[in-house]
Amino acid sequence: LGDEHQHGPAGEAAEALFEELKRFLDRVPALIGAEEPFPWETLRGLIERVVDALADGGDLFWIANRPVAPAGVRHLAFHQARVAVLAVRLAAVLGHERRQLVEIGMAGALIDVGLWQMPPDLLQRLPGLSAEEQARYRTHPALGATLVRRWGAPSEAIVQAILHHHEREQGQGFPGGLAGGAIHPHAKIVGLADAYTGLTEPPPLGPGLRPHEAVRDIVRSKAESFPVAHVKALLSEISVFPPGTLVRLNTGEVGRVVAVNRNQPLRPRVEVCDAHGRPVTPAKTVDLSEAPFLYITGALAEGGR
């Protein structure tokens, strides 16, 4: 898997693929009460292209990391598209074979179909749900699994991944309170991708953490919820300073991360900027992995504050 975040033809193709996946998922609610069969082969084809795109480079991965849904796409469709891509990436890092990558991606794409059957405002009020509403919300994995099974899911692994995606390693999840080996392996990957994605979503749907902040939150407060290897895989992919992050160097200069060095996550490639995050003239890019006396002292908010 590539480390670069680029803006050439590959990036444009990745944008188009992510848009296609979002649009497909945006049409899924219409199928819930319909008689027509679910288009499994269309979804499989999309996810196979996701697998190939992620194997070719990092563009699709970083596109899926964008937390704000574009106009005209329902939040759940956008969220599920993000989860599908991120789950495939994690599964690939963990060494899963292609068939499993496709299953995991398909499960991620349909992870929250159970929520389509609930009041639309429920997600807007998640932190403040009543006990009765919280109990209803916690039924959505089972509702989704039942629906996907009725649609004739091509594998039981997809159904189980959806059913178990809110189960947690120490038994603190739902709906079954399962722990460890009782949780389907695909669900552990999809669940981590879902948790990370939720942390980066802006209010009122999430806390709006930046990617590295979301990873830090998972490491600090949720690490016991997921297998250690999975959390390490997420950390290796997101990086402490992902592309786009404004950082301050030990020289006092401000830089914007433009590429991640996977083997040295604290030493990415940066484009030197002015105090407002604008590239300097003439352009100056530094690969910190090749500059031993330069290092990042911390991340900055936009505007250099």
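User: Where is P282 found?
Analyst: This is a predicted model: local features need pLDDT of at least 70, side-chain atom pairs count only at pLDDT 80 or more, and totals for chains, interfaces and linings use all residues. Residues are numbered from 1 along each chain as its sequence is written, and side-chain values use heavy atoms, with hydrogens and water left out. Helices (H or I, at least four residues) and strands (E, at least two) are DSSP runs, numbered from the N terminus. P282 lies in the loop between β3 and β4 (285-287).

User: Is the peptide bond from T281 to P282 cis or trans?
Analyst: Look at omega for the bond from T281 to P282. It is near -5°. The bond is cis.

User: Which residue does a cis peptide bond join to F174?
Analyst: Most residues other than glycine have a negative phi, and most peptide bonds are trans. Here is a cis bond, with omega of about 10°. The proline in it is found in the loop between α8 (156-164) and α9 (185-200). F174 is joined to P175.

User: What phi does G252 have, in the turn between β1 and β2?
Analyst: Strands β1 (residues 246-249) and β2 pair in the antiparallel sense over three bridges; pairing takes at least two bridges found by DSSP. The two strands form a hairpin with four residues between them. G252 is in that turn, and its phi is positive, at about 95°.

User: Which residue in β2 stands opposite R248?
Analyst: R248 has its partner in β2. Another pair across these strands is L246 and R256. Opposite R248 stands V254.

User: How many bridges join β2 to β3?
Analyst: β2 and β3 run antiparallel. One facing pair is R256 and E271, the latter in β3. The bridges number five.

User: Which residue in β5 is the bridge partner of L249?
Analyst: β1 also pairs with strand β5 (residues 296-300). The sense is antiparallel, over four bridges. In β5, the partner of L249 is I296.

User: How far is R267 from the nearest side chain of opposite charge?
Analyst: R267 sits in the loop between β2 (254-259) and β3 (269-273). It is buried, which means under 20% relative accessible area (exposed is over 50%, partly exposed in between; 1.4 Å probe, protein chains only). Lys and Arg count as positive and Asp and Glu as negative, while His and the chain ends are not counted. R267 has no salt bridge, and the nearest opposite charge, on D287, is away by 7.1 Å.

User: Which residue's backbone oxygen does the side chain of R267 reach at 2.4 Å?
Analyst: A polar contact is a pair of N or O atoms within 3.5 Å; within protein, one must be able to donate a hydrogen and the other to accept it, and residues adjacent in sequence count only if both atoms are side-chain atoms. The side chain of R267 reaches the backbone oxygen of L288 at 2.7 Å. Leaving aside neighbours within four places in sequence, R267 also has contacts (heavy atoms within 4.5 Å) that include N261, S289 and Y295. At 2.4 Å, the backbone oxygen reached belongs to L294.

User: Which helix gives the most residues to the largest nonpolar core?
Analyst: A nonpolar core is a set of buried Ala, Val, Leu, Ile, Met, Phe, Trp, Tyr and Cys residues joined through side-chain atoms within 4.5 Å. The largest has 77 residues, and L21, L43, L110, V148 and W151 have the most contacts inside it. The helix that gives the most spans residues 75-93 and supplies 12 residues. That helix is α4.

User: How many residues are in the second, separate core?
Analyst: Among its members are V247, V272, L294 and I296. This core is separate from the largest one. Its residue count is 11.

User: Which residue forms a salt bridge with E156?
Analyst: A salt bridge puts a side-chain nitrogen of Lys or Arg within 4 Å of a carboxyl oxygen of Asp or Glu. By this rule there are 16 in the model. In this pair the closest N and O atoms are 2.7 Å apart. The partner of E156 is R149.

User: Why does E15 count as partly exposed?
Analyst: E15 is in helix α1 (residues 9-26) and meets R66, 51 residues apart, in the loop between α3 (59-64) and α4. Their salt bridge is 2.8 Å, N to O. R66 is partly exposed because its relative accessibility is 40%. E15 is partly exposed because its relative accessibility is 33%.
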